[in-house]
Amino acid sequence: MTSPKLLIVDDDPGVRAQIKWAVQGFDIITADSRQLAIELFDAYQPPLVTLDLGLPPNEDGTSEGYAILMQILRQAPQTRVLIVSGSDSQENSVLAKKNGAYGFYSKPIDVDDLQRHIDMAYADYIKVCE
Amino acid sequence: MFIEIISFGVSTVMFLMLGLVMLTGQRANLPKTMLTVASLFSALWSATVTYQATYGGLLSSTLLLELLRALAWFAFLLVMLRTAYVSSDQVNKNFKITFLGLSVFIVGIMLLALYRISGGSLLEFVAGNDVLVGHLLISVGGIVIVEQLYRNTSEDHRRALKYLWIGIGGMFAYDFYLYSDAFLFQRIDNELWNARGFIHAMAVPLISVAIKREMQWTLGEASIDIFMSRKMVFHTTTLLAAGVYLVFIGFGGYYVREMGGDWGVVAQATFSFASIMLLAVLMFSRKVRSRVKVYIDKHFFHYKYDYREEWLRIIRTLSQQEGDKRLHQRAIRSLAQIIDSPGGMLVMERESGFFESDDRWNFENISIHEPASSSLIRFLQENQFVISLDEFKNDPEMYTRLGKLEIPHWLNNVKDAWLVVPLMLQDKLVGFVVLLRSPAHERYFNWEDSDLLKTAGRQAASHLAQFEAAQALVSAKRFEEVNRLSAFIVHDIKNLVGQLSMVVSNASKHKNNPMFIDDAIITVENSVNKMNKLLARLRGSVDEDSLGPINICELLEDSIRACTKAGTLPIPVLNCKNEGMFVTADRDRMSANIAHIIQNAQDATEDTGSITVRLRKQADMALIEVQDSGEGMDEAFIHERLFQPFESTKGTMGIGVFQVREYVTKLGGQLEVESSPGIGSTFSLFIPLAPSNESMFRSQIIHLETKENK
């Protein structure tokens with residue numbers, strides 16, 4: 001059987017490249033902008049998305065990330081979106097969950113830790129869908 | 001009789017001469033006419049007294065003439081006094097009322113005198129109590145008016161006019177003495193009366209000196225305001241003195257009357273001796289003497305300084321930038337100038353709590369380390385008092401009375417140290433200035449110097465405090481900047497470390513996979529790029545900008561491209577009216593600043609809105625206008641928040657409008673904002689054009705280069 005799809009949205013090519021190798025058991029697709037992220041999501045309908053909030057043109061803000069989150073959840077509310085953010089403020093974490101994100105993961109990324117988060121998110125997805 | 005004839009004869013001749021001289025003068029005007037009239041009345045009165053002394057009789061006309069004479073002098077004084085009132089109708093009215101009142105008063109006394117006329121000698125008659133009181137009041141009134149005139153005479157004219165006031169005042173003062181004595185003993189003293197002619201005659205030379213020295217006052221009302229100071233103030237010192245004297249006399253009189261008989265002479269002698277003793281005690285008490293001196297200085301002499309001038313000079317010295325002279329040195333000079341001091345040293349309180357030498361002006365190079373607990377500092381703090389070292393040496397008690405004071409060694413060792421001026425900020429001593437003695441002329445140091453120095457010291461202290469606050473603000477800003485920068489750095493490094501540690505983690509599983517190696521290299525390469533960017537950013541904040549002529553139109557094109565790269569809407573429309581315009585700036589920073597303004601406009605505008613970027617020339621400036629049809633800002637936001645550093649509605653740490661304005665101002669330009677809520681905003685950046693020949697030259701080179709490249 002084919003592995004489930006995981007969409008990684010991050011404007012940092014280094015992060016994209018490494019998450020790809022860090023996470024196992026998924027078929028990984030990556031996007032570096034809102035436009036591309038939405039296109040890929042439409043095309044593959046991945047059950048899991050890791051999302052960086054700060055994307056161009058607003059790298060320092062969160063507007064692009066939340067725009068993607070809204071759009072994905074509108075199309076497929078069951079999608080598990082894990083916010084992977086450089087900011088580690090409690091406030092952002094609460095805000096992300098209020099907006100429907102499944103989880104909030106603060107950078108820097110620990111490979112094993114991230115794998116665990118993703119596995120848990122996927123398990124949750126399976127449980128809910130069944 | 002003989003003495004009386006001579007005395008009043010002299011008076012007659014003197015006043016007649018004065019009157020005649022005045023009559024022969026060229027121009028006639030009111031003050032001059034009044035003086036002439038008064039002189040002639042004086043002459044006439046003296047003549048009748050002389051006549052009466054010689055032949056007897058004439059009593060009533062003598063008495064009437066004395067009163068008329070007084071009225072004439074009043075008229076003259078009031079005309080002079082009115083000159084100070086010229087400017088307002090109200091006081092003109094007051095003048096008329098005063099004059100009318102005095103006339104009625106004097107005429108009343110005349111009628112009273114006429115009514116009481118009966119036989120007997122003049123002296124007996126005049127001694128009638130009510131007439132005496134009238135005379136007494138007239139003389140007091142005369143002295144009071146003379147005081148007003150004297151003290152309101154401006155400094156320039158006082159030199160000459162003081163003789164006039166002394167002359168006339170002297171006459172009234174003697175009359176006062178004469179009549180108060182008469183009032184006390186209920187008879188006019190023969191000797192005093194006989195001397196009166198001489199005394200009055202003595203006024204004539206004084207008046208003549210005044211006329212000779214200062215013809216101006218005779219020139220009439222046109223020049224009147226020259227010699228009277230603008231602000232008339234009613235002074236009451238002589239009134240007070242006269243009152244005190246009369247009370248004194250009254251007590252004496254009461255005592256003499258009560259004791260009567262044999263005691264009369266004894267009492268009078270005791271009374272006189274007691275007064276002399278009292279006077280002597282007062283004279284010999286330094287404290288009383290100095291108090292009296294200060295009182296007299298304050299009330300009877302014009303100020304040593306023209307305060308307006310002094311103040312302007314102090315402010316000028318403090319606020320003018322002269323070369324690279326520090327404010328601190330100018331502060332010393334502003335104080336030194338006041339008392340012609342040739343040099344001084346500024347001592348300021350340091351954070352350590354010690355007072356240390358800060359700056360000096362023509363002052364020997366000594367360093368001071370005075371603890372805040374020293375008696376000098378405490379004295380200055382508590383008394384806020386200018387210390388004169390001379391005074392302290394001569395009379396230490398004057399100071400130690402106020403509190404413990406020991407002059408520190410270093411100060412005693414300073415050659416020619418003269419004054420210590422405290423610098424007070426609110427009620428806290430922030431420093432002091434030591435001033436040197438002026439070698440050229442010994443200056444008498446009094447309350448007035450002290451007051452002015454103290455106040456100037458306050459002014460200097462607030463300037464110094466402002467300067468230091470500004471300095472502190474600059475360093476706080478720098479600190480803030482560093483803080484912000486390190487926040488960026490931490491954030492970036494955290495990301496880099498995160499990526500690289502992921503590479504390491506992943507490598508343990510995938511290191512044999514060539515595709516992983518490719519991705520690892522991509523990651524490392526990406527990290528290297530980021531680190532280079534970080535370095536560039538760090539360097540940029542440290543290095544000077546690389547200035548060069550920039551073609552603005554091209555720059556605007558680039559900035560717009562950068563802002564629309566990510567598909568952000570709306571896309572700004574560029575309108576360059578003038579393509580060959582150059583400004584001198586750092587290209588990257590300039591571009592970043594313009595991009596920031598454009599991004600702001602994009603953020604504020606709906607995707608369907610419009611943004612126009614216009615460039616045109618205005619005078620010698622390039623004017624870049626970024627106009628959007630966005631939500632706009634209200635006035636309060638523009639004033640209070642838009643230009644605040646570190647203020648952002650987006651919660652980001654990007655460059656703010658504050659920094660754009662800072663940069664544009666640094667280039668010698670200006671940033672203006674116009675906005676109305678719901679309609680949109682226009683940001684106008686004025687940037688000075690590069691010198692035209694240079695830009696021409698450069699553009700030619702570019703032109704040539706492009707040709708060669710082709």
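The following conversation goes through the contact between two chains and the sheets and helices around it.

Student: Before we start, what kind of model is this, and how is it numbered?
Tutor: This is a predicted model, in which local features need pLDDT of at least 70 and side-chain atom pairs count only at pLDDT 80 or more, while totals for chains, interfaces and linings use all residues. Residues are numbered from 1 along each chain as its sequence is written, and chains are lettered from A and ligands numbered from 1 in the order in which they are written.

Student: OK, how many residues does each chain give to the contact?
Tutor: Chain B contributes 26 residues and chain A contributes 20 residues, where two residues are in contact if their C-beta atoms, placed from the backbone, lie within 7 Å.

Student: And which elements of chain B are on that side?
Tutor: Helix H19 (447-510) and helix H20 (514-542) of chain B are the elements that give two or more residues to the side touching chain A, and H19(B) gives the most, with 12 residues. Helices (H or I, at least four residues) and strands (E, at least two) are DSSP runs, numbered from the N terminus.

Student: How do the residues on that side divide?
Tutor: On the side of chain B that touches chain A there are seven nonpolar, 16 polar and three charged residues; here Ala, Val, Leu, Ile, Met, Phe, Trp, Tyr, Cys and Pro count as nonpolar, Asp, Glu, Lys and Arg as charged, and the others, Gly among them, as polar.

Student: At what angle do H1 of chain A and H19(B) cross?
Tutor: The axes of helix H1 (residues 13-22) of chain A and H19(B) cross at roughly 30° and come within 9 Å, the axes being lines fitted to C-alpha atoms, for helices over the stretch in contact, with angles running from 0 to 180 degrees between N-to-C directions. H1(A) and H19(B) are therefore roughly parallel to each other, since angles under 35 degrees count as roughly parallel, over 145 as roughly antiparallel, 65 to 115 as roughly perpendicular and the rest as oblique.

Student: Left-handed or right-handed, that crossing of H1(A) and H19(B)?
Tutor: H1(A) passes H19(B) in a left-handed crossing; a crossing is left-handed if the near helix is turned anticlockwise from the far one by less than a right angle, and right-handed if clockwise.

Student: Which residues meet there?
Tutor: From H1(A) they are A:Gly14, A:Val15, A:Gln18, A:Trp21 and A:Ala22, and these meet B:Gln499, B:Met502, B:Val503, B:Ser505, B:Asn506 and B:His510 of H19(B). By class, this contact of H1(A) with H19(B) has five nonpolar, six polar and no charged residues.

Student: Switching to the strands of chain A, how do S1 and S2 run?
Tutor: Strand S1 (residues 5-9) and strand S2 (residues 27-31) of chain A run parallel and are joined by five bridges, given that two strands pair if DSSP finds at least two bridges between them. A:Val9 has A:Ala31 in S2(A) as its bridge partner.

Student: What about the six-stranded sheet in chain B, what is its order?
Tutor: That open sheet has the order S3-S2-S1-S6-S5-S4 in chain B, with antiparallel pairing. Strand S3 (369-371) and strand S4 (387-388) of chain B stand at the edges, each with a single partner strand, so one side of each is left without a neighbour in the sheet.

Student: How many bridges join S5(B) to S6(B)?
Tutor: Eight bridges join strand S5 (residues 417-425) to strand S6 (residues 428-436) of chain B, and the two run antiparallel; B:Leu423 stands opposite B:Gly431 in S6(B). H19(B) packs on this sheet, touching S5 and S6 of chain B, and its direction makes about 55° with that of S5(B).

Student: And the hairpin of S1(B) and S2(B), which turn residue has a positive phi?
Tutor: B:Gly353 in the turn has a positive phi of about 95°, and four residues lie between S1(B) and S2(B) in this hairpin. Strand S1 (residues 344-349) of chain B pairs with S2(B) in the antiparallel sense over six bridges, and B:Met348 has B:Glu356 in S2(B) as its bridge partner.

Student: Last one, how do H21 and H22 of chain B cross?
Tutor: The axes of helix H21 (residues 552-564) and helix H22 (residues 587-604) of chain B come within 9 Å and cross at roughly 50°. H21(B) and H22(B) are therefore oblique to each other, and H21(B) passes H22(B) in a right-handed crossing. Their contact divides into nine nonpolar, four polar and one charged residue.
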